[in-house]
Amino acid sequence: MTGGGAETLALLRELDDPEWLEADFAVRCEAAPDDQDSSEYGRGVVPAGATVRGTRLVVCVSNVGSRALGGLGYVVVVEELPGCDHDGPSRLPGHVQRPTWADRFFGIF
């Protein structure tokens, strides 16, 4: 399912549980958008030092797998939406002057 607009904002607000603000995962994770000539939609990399077993985690999403992802409950959020102002229930740290949804779900505090 591709997420944009009011329906996806409602989902982000629902997932924005103040109890789930993670302060102990303070490591930068690499995110790479799709390569122009690749069937890969994008990938995220969690460094080995941030995992319990000391093993790097790589998550790749295929350009051709949107139906399968939708069936598993994944939502592809349009690129512009995470840049919108955060208006959920979680209070983000004061050093984030104008927090966005990207700060909430992908920021390092």
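Does F105 count as buried, exposed or partly exposed, and what is its relative accessibility? In this predicted model, F105 counts as partly exposed, because its relative accessibility is 30%, and the cut-offs place buried residues under 20% and exposed residues over 50%.

**View 1. F105 in helix 3 and the nonpolar patch to which it belongs.** The residue at the centre of this view, F105, has its place in helix 3. Together with L15 and F106, F105 makes a nonpolar patch on the surface, with an area of about 320 Å². L15, for its part, belongs to helix 1, which comprises residues 6-15.

**View 2. The chain as a whole, as a setting for the close-up views.** The secondary structure comes to three helices and five strands, and, read from the N terminus on, these elements run in the order β-α-β-β-β-α-β-α. The chain has 109 residues, of which 19% count as buried, and its accessible surface comes to about 8,200 Å², with 53% of that area belonging to carbon and sulfur atoms. Among the contacts in the chain with a separation of 6 or more, 38% are accounted for by residues 24 or more positions apart.

**View 3. The buried and exposed sides of helix 1.** Within helix 1, which spans residues 6-15, the residues T8, L9 and L12 are buried. Because these buried residues fall within an arc of 100° when the helix is seen down its axis, they line one face of helix 1. An α-helix has 3.6 residues a turn, so residues three or four places apart point the same way. On the other side of helix 1, the residues A6, E7 and E14 are exposed.

**View 4. T100 in the loop before helix 3.** T100 has its place in the loop between strand 5, residues 76-77, and helix 3, residues 101-106. T100 counts as buried because its relative accessible area is 15%, and the cut-off for buried residues is under 20%. When residues up to four places away in sequence are not counted, T100 touches P82, G83, C84, D85, H86 and L92.

**View 5. E30 in strand 2 and the residues that it touches.** E30 lies in strand 2, which is formed by residues 30-33, and E30 is exposed, with a relative accessible area of 52%. Leaving aside residues up to four places away in sequence, E30 touches R43, G44 and V45. For one of these residues, R43, the separation from E30 is 13 residues in sequence and 8.3 Å in space, taken from C-alpha to C-alpha.

Terms used:
Residues are numbered from 1 along each chain as its sequence is written. This is a predicted model: local features need pLDDT of at least 70, side-chain atom pairs count only at pLDDT 80 or more; totals for chains, interfaces and linings use all residues. Side-chain values use heavy atoms; hydrogens and water are left out. Helices (H or I, at least four residues) and strands (E, at least two) are DSSP runs, numbered from the N terminus. Buried means under 20% relative accessible area, exposed over 50%, partly exposed in between (1.4 Å probe, protein chains only). Contact means heavy atoms within 4.5 Å. Patches are made of residues with over 30% relative accessible area and no salt bridge: like charges are joined within 9 Å, nonpolar side chains (Val, Leu, Ile, Met, Phe, Trp, Tyr) within 5 Å. Accessible areas come from the Shrake-Rupley method with a 1.4 Å probe; for residues, only the protein chains shown count as cover. A salt bridge is a side-chain nitrogen of Lys or Arg within 4 Å of a carboxyl oxygen of Asp or Glu. The arc is that of the directions from the helix axis to the C-beta atoms.
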